[in-house]
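Here's an informal walk through one protein chain. Have a look at the sequence and the fold, then read on.

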Amino acid sequence: YTIAPSPRSLNTIWVGSDDGLIHVTHDGGQTWKDVTPQGLVPWSKISIMDAGHFDTLTAYAAVNTLRLDDLRPHVYRTHDGGKNWTEITAGLPPGGVVNVVREDAQRKGLLFAGTEQAVYVSFDDGDHWQSLRLNMPATSIRDLIIKDNDIAVGTHGRSFWILDDITLLRQVADS
């Protein structure tokens, strides 16, 4: 359902299925390893995977559980190639099913997430989230991409939005 090639290694690729599985290869697809986080159940949709921009053992997964009538947010992070996963949702609201998570390519620990209502930002690698909605209407965020200094957000039914120049967000300290 989702494919995330590593920007650091040509041979590392992360994939997520629409039935709750995550796999990774470090040899260009010759062998795959099931690294699904414990607790993920069948019909959990791995809607977006994002390979780490700063090392090959880091990945992020946005997990949509709407089909299971689970409206809680689910975002997972690994820094050890999928051996251990941490659910990183502090600050994401109940009812905020997550469709996408992306790591900024320039500032380590700067993450963006799109839910069924809004966009969120984390300055500490997902440990804490806060709204980045600004003037965007409440809408389902299906994907977002960081291009140079801008964020382009694709919504479901409301076109797309662009947040110009995130330079200041990259300068915010973790504290």
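## The cavity

Let's start inside. The largest cavity has a volume of about 40 Å³, and the structure holds one cavity of 30 Å³ or more. Keep in mind that this is a predicted model.

Which residues line that space? The largest cavity is lined by G52, F54, D55, T58, Y60, H79, E103, K108, G109 and D125. D125 is worth remembering, since it turns up again below.

## Salt bridges

How many salt bridges does the structure hold? There are seven. D125 pairs with R77, with the closest N and O atoms 3.6 Å apart. That link spans distant parts of the chain: D125 sits in the loop between β11 (119-122) and β12, R77 sits in strand β7 (residues 75-78), and they are 48 residues apart. D125 is buried, with a relative accessible area of 14%, and R77 counts as buried too, at 11% relative accessibility.

R77 also meets D127 in a salt bridge, at 3.1 Å from N to O. Here R77 is in strand β7 and D127 is in the loop between β11 and β12, so the pair ties together parts that are 50 residues apart in sequence. D127 counts as partly exposed because its relative accessibility is 37%. Elsewhere, D50, R102 and D143 are joined into one network by salt bridges that share partners.

Then there's D70, which forms a salt bridge with R72, the closest N and O atoms being 2.9 Å apart. D70 is buried, with a relative accessible area of 14%.

## Strands

Now the sheets. One open sheet has four strands in the order β9-β10-β11-β12, paired antiparallel. β9 (98-103) and β12 (130-131) are at the edges with a single partner strand each, so one side of each has no neighbour in the sheet. β9 is joined to β10 (residues 111-115) by five bridges, and V100 has G114 as its bridge partner in β10.

Near the start of the numbering, β1 (residues 2-5) pairs antiparallel with β2 (residues 13-16) over four bridges, with I3 opposite V15. β2 in turn is joined to antiparallel β3 (residues 22-25) by four bridges, and V15 stands opposite H23 there. β2 and β3 form a hairpin with five residues between them, and G20 in the turn has a positive phi of about 90°.

## A nonpolar patch

On the surface, V41, W43 and L68 make a nonpolar patch of about 290 Å². W43 belongs to the loop between β4 (33-34) and β5 (45-51). Is W43 buried or exposed? At 53% relative accessibility, W43 counts as exposed.

Definitions and conventions. Residues are numbered from 1 along each chain as its sequence is written. This is a predicted model: local features need pLDDT of at least 70, side-chain atom pairs count only at pLDDT 80 or more; totals for chains, interfaces and linings use all residues. Side-chain values use heavy atoms; hydrogens and water are left out. Patches are made of residues with over 30% relative accessible area and no salt bridge: like charges are joined within 9 Å, nonpolar side chains (Val, Leu, Ile, Met, Phe, Trp, Tyr) within 5 Å. Accessible areas come from the Shrake-Rupley method with a 1.4 Å probe; for residues, only the protein chains shown count as cover. A salt bridge is a side-chain nitrogen of Lys or Arg within 4 Å of a carboxyl oxygen of Asp or Glu. Helices (H or I, at least four residues) and strands (E, at least two) are DSSP runs, numbered from the N terminus. Buried means under 20% relative accessible area, exposed over 50%, partly exposed in between (1.4 Å probe, protein chains only). Two strands pair if DSSP finds at least two bridges between them. On a 1 Å grid over the protein atoms alone, a cavity is a set of points where a 1.4 Å probe fits but cannot get out, and a pocket is an open set with protein on both sides within 12 Å along at least five of seven lines; lining residues have an atom within 4 Å of a point. Grid points are joined across faces, edges and corners, and a volume is the space filled by probe spheres set on the points.
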